[in-house]
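The following exercises concern a ligand site, the cysteines and the salt bridges. Work through each task before reading its solution.

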Amino acid sequence: MTAEYKVHGDVAVITMMNPPVNGLGLSTRMGITSGLDQADRDASVKAIVITGAGKAFSGGADIKEFGSPKALQEPNLLSVILACENSRKPVVAAIHSVAMGGGLELALGCHYRIAAPGANIALPEVKLGLIPGAGGTQRLPRVIGVEAATNMIVSGEAIKSEMLAMLPGQKLWDAMASSAEALMDEALALARKVAGAHADGSPLPLVRNLPCKHPQGAAYFQFARNMVKATAKNLPAPVKCVDAVEAATTKRFDEGMRFERDIFINLMWTPESRALRHIFMADRAAAKIPDVPEDTPKRDIRSVAVIGAGTMGGGISMNFLNAGIPVVMLEMKQEALDRGVATIRKNYEAQVKKGKLKTDKYEQRMALLSTTLSYDDIAQADLVIEAVFEDMGVKETVFKQLDKTMKAGAILASNTSTLDVNKIASFTARPQDVVGMHFFSPANVMKLLEVVRGEKTGKDVLATVMAIGKKIKKTAVVSGVCDGFIGNRMIEQYSRQAGFLIEEGCTPAQVDKAVEKFGFAMGPFRMGDLAGNDIGWAIRKRRYQEKPDMKYSKTADLLCEMGRYGQKTSAGWYDYQEGKRDAIPSKLVEDMIAKHRQDLGITPRKIADEEIVQRLVYSLVNEACHILEEGIASRASDIDMVYITGYGFPFWRGGPMLYADTVGLFNVLETMKRFAVNPHDDATFWQPAPLLQRLVAEGKTFN
Ligand code: NAI
C-alpha cells in the first residue's frame, strides 16, 4: 500500500506515498482507509492527520487508472472520502505544494483543513473534459462561495492557498500554517486542539452540512452558462461544471452528489473527454524515445547561435531569449542582421503594448541577443541552429564552416523543412552531433518542434534537444528522416486531395468552410494564401521531376502562373483588400477553375461537406500509416501531437489518429474503398496502407 501509518503520541498520521504526486490509485486509497481503521481501533489515538510525502499533498486521480476497472474498485475515492467523514475521531488534512482534483476532494471530506502557504489548489478535471466526480462541485461552493467555486471549476486553474484564505467568509482552511516547514507541527497541534474540543462527543463538522446558496441564483447561473457557452464552443464539460455547481444550490447534498456523478460518467464517454485525456497522455509519451533511456546523459546548453536572421531565424532566437538563454545571430551582411533584430524588437514591442510583456523583461531579453558576421564569434556556442535559405548548396557551405569552427561537443541543428538531414550531416566530420530542429512559422508562437533524427544522430544529442525543446516550451516530437518529415509529408497528401476536390466541383471557399466547421483553424486554401502559394509550387515542380507518375491538380499551378501567391500579393485563392486579411471569393479564380474543368472534360458535381472532410482527414490518416510503418514516427499519438500543435487540427478531436479510432478504422477503410472508385481521383491515392488493413483485420486501433 502506498500510504504510511505512524502514530505521534495521541495523533495518527497517514502519509500518502505514491510519487510523483501521490495520485489516488487503488493502493493509495487502500492505504488511507486502512490507516483510518487502524486509528479507529487504537484507543490511544485521539485524532488523525492526512498528508502527502514529497512534492504534493495529492495531485488527484491516478490518470493511469482512467477508464480501467481499477478506478472503480473499492475503496473508490467516494468511499475513501466517506470513510473520512464517518471517522469517529477528527480527521485533519495537512495540505502543502499541490492539492488538485481528487486530492482537494479528499481534503474537503476531512473534518478540518490546514494549508501551507504557496500550495496550488485546483479542480482541473475540466481540462480533461470532465467535471470533478467525487463531490468537488458540491463541497467547494459550500466552503468558498458559489461564484469563486464556479470560476475555479470551470477554468480548472490553480489558485494559491493563501489567496483562497483571503476570500471573505471562507471555510476551506481552518488554519494557514506559518510556513511549509511548520505545517506538520501545526497540523498536529490543530489535531490535538480539535480532539480536545470534541472530547465530549459533540459532532464533527462536515462540509456537506454547510449551507449553499446564491442570492440571485437563477440569474447568476444563466449568466455563467452564457459566458461559458460562448468560450467553450466545442466542449461539453465547462457548461456541465456550471450545472453541477447550480445543483449544489438547489438540491439536497446527496441528490447533488448523484447529479454530479451522472454528469461525470456521461462526460467520461464523450469523444471530447477521450480526446483531451489522449492529448494529456500523448504529450507525455512524445517526450519518450523508445531506444533512448530517460537517464541518457545530456549536454549542457548555455548559449545558442542562430545562422540566418530571416523569418525563421528571428522567431527561433526569441524562444531562447524568452527562456533566458543568450543568442548570437549570424548573417552574411550587416543589413540582414539589422533587419532581423528590428523584427525581434517589433515583436516584443507589440507584446509590451498589449501588456503581455513587462518593459524590464523586454530589455532583459534584448540584452541576451547579440549579432555577428563572423563564425569565430559563435565557435563557443553549445547549440547552433541553421536557418538559411532552403538550398542544399547553401546548407553545405554553412555546415562545412560550422564543422571547421564550432567547438567539440557543440550540437549542430538545421531548421530545414524539406532537405535530407543525413546529407546535411555528411558535410561534417561529426554527423553524431547533427540533428534537425524543425520549427514552425511563426517560430516564437507555434508550439510544435519536430526533432529530426538522422541516421547517425547521437542519443545524447537527441535527449538534449528534447530537453531544450521542453525548456523553450515546445511540444517536441521525434521524426525520422524523410521528405517533409511527419507533418509536411502528411499535409502534401491533404493538399493534393484538396486540389482534386476543386477539380470535381467544390469552390475553395466550400472546402475551407467544411474543414473549418470540422474544427481546423484554417482550411487548405486560406492556409495556402497565408503561407504563400509559391512555396507549394516550388515543391511541386520538384515532384514533377522526381515522381512523374504522381497526379496533382493543376489548378494551384495555374493560380501561381496568374501571379496569385496569396496574401503577400493581395491575391491568391481569394482576393484581399490592401492591409486586410479577410478572404473574399474571387471571380477570376472561379473562372480559372471552371475553364480547367472544361479542359479536363469534368462535369462538376455537388460534393457534401461530409465527403470533403472525410477525403481530407483520411488522406492524412493513410499517409500517417505509412509514416508509422516506416518508423518515421514512433507512435500514432506523436502524429496527433504534430497535427494539434503544428497544423491547427481541432484538439477536442484528439488529432487525426484518435479521430480515426473514434470513427472506427473499419469505417475509415470502407469509406476509403468507396473513394477509390471515384473515376476522377488518382487511381492509387486511396490504396489503403498495409498497417490500416492489418489493424482492421485484427480489430485493433491506433491507440
Ligand atoms: P528567409 O529567407 O526569411 O531567411 C533566410 C536568411 O538566411 C536570410 O536572412 C539570409 O540572408 C540568410 N542567409 C542565407 N544564406 C546564408 C549564409 N550562408 N550564412 C548566413 N546567413 C545566410 O528564410 P526562412 O523562411 O527563415 O527559412 C529559413 C529556413 O527555415 C529554410 O531552411 C526553410 O526551409 C526553413 N523553414 C521555413 C519555414 C517558413 O515557414 N518560412 C518553416 C520551417 C522551416
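Helices (H or I, at least four residues) and strands (E, at least two) are DSSP runs, numbered from the N terminus. The model is predicted, so that local features need pLDDT of at least 70 and side-chain atom pairs count only at pLDDT 80 or more, while totals for chains, interfaces and linings use all residues. Residues are numbered from 1 along each chain as its sequence is written, and side-chain values use heavy atoms, with hydrogens and water left out.

**Exercise 1.** Determine which helices and strands each supply at least two residues of the shell around the ligand, and describe the polar contacts.

Solution.
1. A residue is near the ligand if one of its heavy atoms lies within 4 Å of it. Of the 20 residues around the ligand, those that come nearest are Met312, Glu331, Glu390, Lys395 and Ser417.
2. At least two shell residues come from each of α13 (311-322), α16 (392-405) and β15 (434-439); α16 gives the most, with three.
3. By class, the shell holds nine nonpolar residues (Ala, Val, Leu, Ile, Met, Phe, Trp, Tyr, Cys, Pro), three charged (Asp, Glu, Lys, Arg) and eight polar (the others, Gly among them).
4. For a polar contact, two N or O atoms must lie within 3.5 Å. The side chain of Glu390 places an N or O atom 2.5 Å from a ligand oxygen, and a polar side-chain atom of Lys395 lies 2.7 Å from an oxygen atom of the ligand.

**Exercise 2.** Explain why Cys84 forms no bond with the closest cysteine sulfur.

Solution.
1. A disulfide requires two cysteine sulfur atoms within 2.5 Å.
2. The sulfur of Cys84 is 4.4 Å from that of Cys110, the closest, and therefore too far for a bond. The structure holds zero disulfides.
3. Cys84, at 0% relative accessibility, is buried (under 20% relative accessible area, 1.4 Å probe, protein chains only; exposed is over 50%, partly exposed in between).

**Exercise 3.** Which parts of the chain does the salt bridge between Glu504 and Arg615 link?

Solution.
1. A salt bridge is a side-chain nitrogen of Lys or Arg within 4 Å of a carboxyl oxygen of Asp or Glu; the structure holds 42.
2. Glu504 and Arg615 meet at 2.7 Å, N to O. This pair joins distant parts of the chain, helix α19 (residues 485-504) and helix α25 (residues 609-629), 111 residues apart. Both residues are buried.
3. By contrast, Asp591 and Lys587, with closest N and O atoms 2.9 Å apart, both lie in helix α24 (residues 587-600), four residues apart. Asp591 is partly exposed at 39%, and Lys587 is exposed at 57%.

How values were computed:
A polar contact is a pair of N or O atoms within 3.5 Å; within protein, one must be able to donate a hydrogen and the other to accept it, and residues adjacent in sequence count only if both atoms are side-chain atoms.
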